[in-house]
Amino acid sequence: MSHIPTPRLPRSAAVSAVAATALAAGLLVAGSPAASADEVRIHDIQGTTRTSPLLGQQVADVAGIVTGVRGYGSRGFWLQSPDGTADGDAATSEGVFVFTGSAPTVKAGDAVRVSGTVGEYVPGGTGSGNQSLTQLTRPTVTVESSGNALPEPVAVTAKSVPDRYAPAGDPARDGSIDALPLRPHAYALDRYESLEGMNVRIGSSRVVGATDPYNELWVTVKPHENANRRGGTVYGSYAAQNGGRLQVQQLAPVSEQPFPKADVGDVLRGTTEGPLDFNQYGGYTLVARELGDVRGKGLERERTRKQGKGELAVATYNVENLDPGDPQAKFDALAGAVVENLASPDIVALEEIQDDNGAKNDGTVSAETTLRKFTDAIVAAGGPRYAWRSIDPENNKDGGEPGGNIRQVFLYNPGRVSFTERPGGDATTPTEAVRIKGRAALTRSPGRVDPGNAAWTNSRKPLAGEFVFRGRTVFVIANHFASKGGDEGLTSHRQPPRRSSEEQRLRQAQAVNGFVKDIREAQRNADVVVLGDINDFEFSGTTEALTDGGALRAAVTSLPRSERYSYVYQGNSQVLDQILTSPGVGHRFSYDSVHINAEFAEQNSDHDPQVLRFRP
């Protein structure tokens, strides 16, 4: 998720101690002897790698023009040499951020000299894996004149940003690219790094990440890079990072200048110009001093077709921490989506249903009030009177917001399907697959899959249920796998980035895959549907583990590659929510990722629901 820039707190300890700590973390490089004061220019500070050769050293009277001032968050200003190519080296930036810690007293167009300490700040801390931002700290600033012309902005275009994303990290440095010489004509990340702190501009650019609650959006300067028909940029493999993506914020506080609302596919029209920053929540960011205007393209929320009489429609929808304390408008909007956009599926697996008092951490685990309010809203929207089945979790054992006790829930339309009750399921007792009269069955329905497995520590346990549609049993397993929290971003100083959260999801996928194999061992042609917020891509090791041995197929792969997404993160349209089917379901199914949330500034959830229709 995106946030405003994290405040950078002034260093109170000696710079040498900070540098030593950073060196121990393997993120900062020791400086070479400082140049004499009258020789130091901004490109000397920036150097030809990602970290300054003057790290930890005092510099004096560094001259430049102020190109932008930020009086909130990480307070300070950007300083740039008047000649944008002062040393003629494309690898060295001619701009740098000056961290003041308090509201700066300079303004854009001031010619100043700055004395201070060269530092490397890692947004999010050294454990985040983020690259560092070269900056001057504890500055003394002398204003020499005002009203000067700003340095000409460097155009960031489809042609200027290389197609290759990043160099491979140095194995001898734990996969880090920090010490590698920048090759701005070879790699997108190197190109952006060579412009760190400089005045840059983009022309009219397509929005690929909608305006978020933190007043930022994402555009692409490469309009043909993995584009889809709705205007997004698809993340279809680990090697398709989409280097044309760029985050856009604005320098002006929103109280003075409202930030524009934009959906995916809209166009940020005209010139957007300002310093190029690097922050925790997206990496390289154009902090606009001059912001273009948004031209809407009228993106519409999709509606899937109604299932046929003989088709079973099964859906998954993450309703984002729904609890009775949410405004009725949220319940109504989510319910309206189930009815109007999803065409009232026969079975809906919900994720992130919270308990009856939400995040109040008082031991409550029941979600009856939440579910009654939601199903009432569906009826009010013209939908069926859904029944529900779920299992209350142990208090604060399933992750998510403390006290919220999120869980998966089955809604089902009793006018179309029936639920096979098999008692005994609770938070800690597993359900198992058995063979009864030549057919697979669950020992407990609803029941939890292998809840004692360490794979589910602080994570949601799968919910399994046995349904009957037109005389045919269908097993449905609802999931909400562990989040991606802790993974390094695509702009990490390690390339490829570390994806540490995959380890838990891999174990979770193996557990679910084993359970599906147990069902199929009891009945080879059993209809099994595994669905939910898998929190991983269709090309991931998690999905590979789920489908191991041909037990399941990821139904999203039946769609064209450009249509495979359910979530938009930092301008990348990607798969997180999935429905997988056993061979018993066959290949004659209809799959739809129904785009109603992820591409829009106004969202009822940050996930798009998925719908599968098939004939059991």
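Okay, quick definition before we start: Ala, Val, Leu, Ile, Met, Phe, Trp, Tyr, Cys and Pro count as nonpolar, Asp, Glu, Lys and Arg as charged, and the others, Gly among them, as polar. What you're looking at is a predicted model, where local features need pLDDT of at least 70, side-chain atom pairs count only at pLDDT 80 or more, and totals for chains, interfaces and linings use all residues. Residues are numbered from 1 along each chain as its sequence is written, and side-chain values use heavy atoms, with hydrogens and water left out.

Cavities, then. A cavity is a set of points on a 1 Å grid over the protein atoms alone where a 1.4 Å probe fits but cannot get out, and lining residues have an atom within 4 Å of a point. Points are joined across faces, edges and corners, and volume is the space filled by probe spheres set on them. There are three cavities of 30 Å³ or more. The second largest holds about 40 Å³, and its lining is Ile391, Arg407, Gln408, Arg448, Lys461, Pro462 and Leu463. That lining splits into three nonpolar, one polar and three charged residues.

On to the strands, which are DSSP runs (E, at least two residues) numbered from the N terminus; two of them pair if DSSP finds at least two bridges between them. Five strands close into a barrel, in the order S1-S2-S3-S5-S4, with mixed pairing. Within that barrel, S4 (residues 111-121) and S5 (residues 133-145) run antiparallel, joined by ten bridges. For instance, Val118 has Leu136 in S5 as its bridge partner.

Conventions
1 Å grid on protein atoms, 1.4 Å probe; cavity = no way out; pocket = protein on both sides within 12 Å on 5 of 7 lines; lining within 4 Å. Helix = DSSP H or I, 4+ residues; strand = E, 2+ residues; numbered from the N terminus.
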